[in-house]
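Here's a walk through a model, starting from one loop and working outwards. Have the sequence and the 3D view open as you read.

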Protein chains: 2
Amino acid sequence: MRTVLRTGALRDLRTSASTSLHSNFRNLRGRTTCRLPAVSCYGFHSKSQDCSEALGTAAQLPEAEPVLSAPPRERITIADIKERRAKAGRLIAPTASYSDADMFKAPTVGKPKAKRWDHHLTKESTLREPCKLKQAAKHLKQPGLISLGGGLPCPEYFPISSLTLHIPRPPHFSEAATLADGEDVTIGKYDASSSPPPPPKQSSPEPPPPSRQQVQQQPEYDLSIALNYAQATGSAQMTRFVTEHTELVHGPIPYADWRVCLTVGSTSALEQTLRMLCDGGGVASRRDSLLTEEFSFSTALETAAPLGVGVVGVRMDEQGLLPGDMERILDCWEPGLRGGRRKPHVLYTVPSGQNPTGATQGEQRRREIYEVARRHDVFIVEDEPYYYLQMPDKGNGKGEGRGVATTGDVEEFLEGLIPSYLSMDVDGRVLRMDSFSKVVVPGSRLGWVTASEQIIERFIRHAEVANQGPSGFSQVILHKLLDERWGHEGYLRWLMNLRMEYAKRRDVMVEACDEFLPRELVTWNTPQAGMFHWLKVNHELHPHASTKSILEMEEEIFNSCISRGVLVARGSWFRAEQDRPPPGLYFRATFAAATPENMREAIRRLGEAIRESYQI
Amino acid sequence: MRTVLRTGALRDLRTSASTSLHSNFRNLRGRTTCRLPAVSCYGFHSKSQDCSEALGTAAQLPEAEPVLSAPPRERITIADIKERRAKAGRLIAPTASYSDADMFKAPTVGKPKAKRWDHHLTKESTLREPCKLKQAAKHLKQPGLISLGGGLPCPEYFPISSLTLHIPRPPHFSEAATLADGEDVTIGKYDASSSPPPPPKQSSPEPPPPSRQQVQQQPEYDLSIALNYAQATGSAQMTRFVTEHTELVHGPIPYADWRVCLTVGSTSALEQTLRMLCDGGGVASRRDSLLTEEFSFSTALETAAPLGVGVVGVRMDEQGLLPGDMERILDCWEPGLRGGRRKPHVLYTVPSGQNPTGATQGEQRRREIYEVARRHDVFIVEDEPYYYLQMPDKGNGKGEGRGVATTGDVEEFLEGLIPSYLSMDVDGRVLRMDSFSKVVVPGSRLGWVTASEQIIERFIRHAEVANQGPSGFSQVILHKLLDERWGHEGYLRWLMNLRMEYAKRRDVMVEACDEFLPRELVTWNTPQAGMFHWLKVNHELHPHASTKSILEMEEEIFNSCISRGVLVARGSWFRAEQDRPPPGLYFRATFAAATPENMREAIRRLGEAIRESYQI
């Protein structure tokens, strides 16, 4: 299963016995053969030449004959990925192995490379150099070399010899089912390096068909690897999982040289991205601004403010950000009228279940926004924590329309999701932020970004000094759960189940609003994704509309809510432009956390508070 | 065991039933009684008023009568902490609880507060505002309140119902002992919220003395808490552990208002600290510089460079940084001769087992450097990953001298450690960075910083948008291991054992150098701490000393090493001032990673490479 890679056509930094870009060399469906490497092997950005110069050796996959790729199918399937993995054989990625998405993704022959974004990068980002100590590790590829280089502790001194998780078996995801019928899986310290288990005895003439349990391979990841220092990009093992997952959900991505980098969550990813693209402070800076929805995630705003980055709010409707208003802002931009700030070149958007409005951009809306971005050379930061929480219409348990499949078919689920910006990104102008926080556990502090190789390379250079990548505990636990035990299909079934759970909660909240809120004053759109319900209160009908400001009304109702025992978020907290009065009277309520009974009671109290303020 | 806190004397933000600063109110040795709160309760910096405005409720400890503190003893002991915990009772810190060191530390009555550092903070740091959503959570303290505020997922949807670790029982730390006689400990999802286990039956008239196993309390931390969103400061549970540990090792700290904040490791802590204190970029900036050892940790230099922060190297001897040279640089500073940069106001130093030189500052050296810092208003960043790897003299298994106790007495071990800058910091001008990377596992990406309340508050504001705190998996696993199972004493025994393991490795390397290196050319000091051995090669004796530069000799020997199969780090990689020629010919070799046999062989090869270059 493992042979030696023929590396002649590869660039120097990758010509070593321990480096493999096999996936670029293979038609995974095995049609025709050719020695040409894939497009994405050539023309690396000079700054990225150090990508493969790593603290440890490069992750290693067994090799096969380079073959010419046929044009890829429209969508990559789980079966494709299984076949690819089976052909590739066992992933050998010891401590601190270098890896990148190219090692694991489908062939990209014939696709164009992403555009260059040099003119968008800040001085800080441009000045970043690779870590010298990680560069030196390229010598580790030399057979027989003894390293007295990096100060990596010996795993002998790691005081945890195994970790055992109790987890659900798909599709029986409930807590009760897990308690009754879940499985215990153990991660040992040297699982990946010990000899593989002996093959099962086949004494009977007609052996039973192998079950998943029986064909289980030797683990590819263990505590000795996960708990030592690693690449800032994250482990090869999790890089493979998120690369394949990204292809399954968003593929085929229109350009060739896309990459991924694991993050310590999207909070961190956004701060790194802003420092990479937006130069805010100081007299000599570019005085950059960020475009975003007129109501935007308050923590994102709080990330931009101390960097001196301006924020410009784009008007919204029930599908979120309005491309026409974005175009108007960009067309009419005059630095003189904008405090000397130059025309914005970055859009930060939450396309699905936007925080705080709950709005979800439809496919056509996304395409229109993308075209505005192209016309004005705007880079798009696509923040999608709630992407998989796309829900059926209220009460529609049958799953009609986009993103609403409730039956058991995983491919149907994927087909139903609204296409991402990443999936329509012909230029490589999108950086997509994904996170396990909302769909597995927030405490993992684990997510990933996907973008062009140039952008990811600059992002990695920052991650090397900003955090050195995510927790090894988080990586090895999620790898065991998602990759080794559940696999892509099990994880997608988990997501399908989870969004239905959130849909039920959403329905409870909307029904409570129907029942308890004064409909002549309060309006809303039923959220199609996410965790948030956004309530508009008609401020013009307030008895003191002529004397009280929107902020005063908002405060009065908020305080009345608190005294009645309900906490909602004030709309004004989310104003993109904090120095402007809010355009309306809004409240955000989450249906993620409270029990159904408490949600109903809370909305009842909110209704009382509104009625009191409006004296009805 | 649990009573209601009398909060009248506390500032408003803390007057709530769920807030407790009990430790400030109690003499933990129970001498006399008084209603005066501790000094550190008053005079909060205005920016820090939001400290207690949290995503969740504040951590809660049962309360006792406020009592007047006697002056604290010279060193806080494990017995003191056990007594304090016993009196405090069970820690109740549900999801996203706010906590700070004041909740857990010994009384600080009579101590001065730290100085103010406003003039040291950057504009970016000064501009930071608390997260609005976390502020709103102060309302959660209200009894009966239903929150539709924060978007925290329901733990029902966390797909891991328990985690079981296999760990050593102190003091039997070896892998073999752990395999044979370690224990399995399990972290459940709702361990902290379920009813406490029933008390053991006491049917016999004379019950046996309770063992640790038997008196085990209900756990205070579980997966439902650890895996949800949390404060950026980290969990209350781990905050308590590192606060107490810091007191045990460095206490009594001379000023009252010190605090801690958990970090995602010291890599991240350093980047945050530099952005807080050093303003490097742009024409209108302060053009700050950093003082550090003339050979310094290369990743630290790579963190400073893209921020535009200058680096000034201070000369060193076998004890590291020379206070006289530091004073000379500061006395003679002229911005005109330094590219317009203002006089440095921050020192970055690794006092123990410095990277790359392995030098360890003795107590007197540290006091001298601290005094220079005071005279010139310099803030000290004390980076101490190797602090606990202080070793006995080579071959001295008996443990004489400072930091070398090898007997089983934990107090003796603590007494033997060289005092930290934190322990001598009368002004609050030190930010100390600690990490579990080198002494537990690097993959935890978990550490903590200790500094004055003002500095920690600004640090937290950044952590809220930079990473939201460390991984919950890392926190709950290390809490189970270090706090719940081992306790402070077990952890200190682990550290005592670990440094002896490193001392053995150090001895192997130094003996190999004795045997294989040409002593007429190569000199070194035996490392007294850490993981690194620093070799000086006399470049003046090189046969081509008149024609070859030091960098050329270094490259020649390095390349010869590689071709002979050994990787060492080149001294020039660590030059603080990268644009200057190195002051000598050096190589760094780590004794952390290779086996003893490989270390000897690697040093033999290095000896060959040097001899070849010197033609001997």
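## A serine in a loop

Let's start with B:Ser423, which sits in the loop between α12 (410-416) and β13 (430-435) of chain B; helices (H or I, at least four residues) and strands (E, at least two) are DSSP runs, numbered from the N terminus. A polar atom of the B:Ser423 side chain lies 2.7 Å from the backbone oxygen of B:Ser420. Setting aside neighbours within four places in sequence, B:Ser423 is in contact with B:His250, B:Pro252 and B:Pro254, contact meaning heavy atoms within 4.5 Å.

A word on ground rules: this is a predicted model, where local features need pLDDT of at least 70 and side-chain atom pairs count only at pLDDT 80 or more, while totals for chains, interfaces and linings use all residues. Residues are numbered from 1 along each chain as its sequence is written, chains are lettered from A and ligands numbered from 1 in the order in which they are written, and side-chain values use heavy atoms, with hydrogens and water left out.

## Backbone oddities

One of those serine contacts, B:Pro252, has a quirk of its own: the peptide bond joining B:Gly251 to B:Pro252 is cis, with omega about -5°. You'll find B:Pro252 in the loop between α7 (236-250) and β6 (258-263) of chain B.

Over in chain A, the bond from A:Pro170 to A:Pro171 is cis too, with omega near 0°. A:Pro171 belongs to the loop between β2 (162-167) and α5 (175-181) of chain A. Then there's A:Arg287, not a glycine, yet with a positive phi near 55°; look for A:Arg287 in the loop between α8 (266-277) and β5 (289-293) of chain A.

## A four-strand sheet in chain A

Chain A has an open sheet of four strands in the order β13-β14-β17-β16, with antiparallel pairing. Its edge strands, each pairing on one side only, are β13 (522-523) and β16 (569-570) of chain A. For two strands to count as paired, DSSP has to find at least two bridges between them.

Inside that sheet, β14 (residues 532-537) and β17 (residues 585-590) of chain A run antiparallel and are joined by six bridges. A:Phe532 has A:Thr590 in β17(A) as its bridge partner.

## How the two chains meet

How much area is buried between chain B and chain A? About 9,100 Å², with carbon and sulfur atoms giving 61% of it; buried area here is the accessible area (1.4 Å probe) that two parts lose on being put together, summed over both. In chain B, B:Ile146, B:Leu148 and B:Tyr157 lose the most area to chain A, together 10% of what that side buries. In residue terms, 112 from chain B are in contact with 113 from chain A.

There's strand pairing across the chains as well: β1 (residues 146-147) of chain A runs parallel to β17 (residues 566-567) of chain B, with two bridges joining them. In that pairing A:Ser147 stands opposite B:Leu567.

## Charges across the gap

The interface holds eight salt bridges, each a side-chain nitrogen of Lys or Arg within 4 Å of a carboxyl oxygen of Asp or Glu. Among them, A:Arg128 pairs with B:Glu271 at 3.9 Å, N to O, and A:Lys189 pairs with B:Glu175 at 2.6 Å, N to O. The latter pair runs from the loop between β3 (183-188) and α6 (223-226) of chain A to helix α5 (residues 175-181) of chain B. Over all chains, the whole structure has 100 salt bridges.

## Symmetry

A turn of 180° and a shift of 0.0 Å along the axis lay chain B on chain A with an RMSD of 0.0 Å, superposed by least squares on the C-alpha atoms of residues with pLDDT of at least 70 in both. The two copies are therefore related as by a two-fold rotation axis. In chain B, the C-alpha nearest the axis belongs to B:Thr164, 2.4 Å away from it.

Why do the copies meet through the same surface? Because 100% of the interface residues of chain B are also interface residues in chain A.

Technical notes:
Polar contact = N/O pair within 3.5 Å; in protein donor to acceptor, adjacent residues only side chain to side chain.
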